[in-house]
Amino acid sequence: GEIVGFKLGWPTFDNLSAGLSGGDIVSIVGRPAMGKTFLTLRCGLHVWEQMQQDVLVLSMEMPKLQIMQRLMAIFSEVSVGHLQQATLTTYHKNKIGTAFSEAKGIKSNLWVVDGNLATTVPELESLVKHYRPKFVCVDGAYLLAHEDKRLNKYQRVEVNVELLKKMAQR
């Protein structure tokens, strides 16, 4: 019953899985606008903040600014809409200030990369070798390209998931 791997901050999943181990891959699948990015980022933030582990977030779906706004919204518990529309009250500003202060005390690293820097699994692996994170989140992994342009979308996803699994096991 003891959790020995990475906890994602989702108690039911963490207890059933006993935590993620090296080489594990979790796919979050759902219809558009159902919270896949939120859940992915929330898991990454949990590993970074609570488990004090280095995390790399690669977003294939959103530019870096949007991902950073979402991360700050989750971390500070301020609506992403308030951040994006710059409609912050004094209360919101104080929550964000407190979150920044707390973030300074976290000894682990959180790297955020947009999909323009790493468009394939080998490019992601280069980033992983450089930064050496303990945990990697890929938002929109189905958008990763592959050098074999003859692959259709489903074949490309299948091959890339196999490459991601091999990379995770290394």
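User: Is the crossing in which α2 passes α3 left-handed or right-handed?
Analyst: Helices and strands here are DSSP runs numbered from the N terminus (helices are H or I with at least four residues, strands are E with at least two). A crossing is left-handed if the near helix is turned anticlockwise from the far one by less than a right angle, and right-handed if it is turned clockwise. By that rule, the way α2 passes α3 is right-handed.

User: What is the mean pLDDT of the protein?
Analyst: Good thing to check, since this is a predicted model, in which local features need pLDDT of at least 70 and side-chain atom pairs count only at pLDDT 80 or more, while totals for chains, interfaces and linings use all residues. Residues are numbered from 1 along each chain as its sequence is written, and side-chain values use heavy atoms, with hydrogens and water left out. pLDDT is the predictor's confidence in each residue, from 0 to 100. In this protein 99% of the residues reach 70 or more, and the mean is 92.

User: Which element has the highest confidence?
Analyst: At the lower end is helix α1 (residues 11–17), with a mean of 90. At the upper end, with a mean of 96, is β1.

User: At roughly what angle do the axes of α2 and α3 cross?
Analyst: Axes are lines fitted to C-alpha atoms (for helices, over the stretch in contact), and angles run from 0 to 180 degrees between N-to-C directions. The axes of α2 (residues 36–49) and α3 come within 10 Å. On the α2 side the contact includes F38, L41 and W48, and on the α3 side I67, L71 and F75 are among the residues involved (contact means heavy atoms within 4.5 Å). The two axes cross at roughly 65 degrees.

User: What is the order of the strands in the open sheet?
Analyst: Two strands pair if DSSP finds at least two bridges between them. Here β2 and β3 each pair on one side only, as edge strands. The three strands pair in the parallel sense, in the order β2-β1-β3.

User: Which residue of β3 is the bridge partner of L56?
Analyst: Strand β1 (residues 55–59) pairs with β3 over five bridges, in the parallel sense. In one bridge to β3, S59 is matched with D139. For L56, the partner in β3 is V136.

User: Which side chains of β3 are buried?
Analyst: Buried means under 20% relative accessible area, exposed means over 50%, and partly exposed is in between (1.4 Å probe, protein chains only). Along β3 (residues 135–139) the side chains alternate, and V136 and V138 point to a face where they are not buried. Pointing to the other face, and buried, are F135, C137 and D139.

User: About what angle does the direction of α6 make with that of β1?
Analyst: Start with α2, which lies across β1, β2 and β3 and runs at about 165 degrees to β3. Helix α6 also packs on the sheet and touches β1, β2 and β3. Its direction makes an angle with that of β1 of about 155 degrees.

User: How many residues apart in sequence are the parts that K95 and E77 tie together?
Analyst: A salt bridge is a side-chain nitrogen of Lys or Arg within 4 Å of a carboxyl oxygen of Asp or Glu, and K95 and E77 meet in one at 3.7 Å, N to O. K95 is partly exposed at 21% relative accessibility, while E77 is exposed at 64%. Because K95 sits in helix α5 and E77 in the loop between α3 and α4, the pair links parts whose separation in sequence is 18 residues.

User: Which residue forms a salt bridge with E125?
Analyst: E125 is buried, with a relative accessible area of 15%. Its partner is exposed, at 64% relative accessibility. The two side chains meet at 2.7 Å, N to O, and the partner is R170.

User: Why does H92 count as buried?
Analyst: H92 belongs to helix α5 (residues 90–104). Leaving aside neighbours within four places in sequence, H92 is in contact with V78, H82 and T87. H92 counts as buried because its relative accessibility is 13%.

User: How far apart in space are T120 and G97, C-alpha to C-alpha?
Analyst: T120 lies in the loop between β2 and α6, and it is buried at 17% relative accessible area. Beyond its neighbours within four places in sequence, T120 is in contact with L144, A145 and H146. In sequence T120 and G97 are 23 residues apart, and in space their distance is 36 Å.
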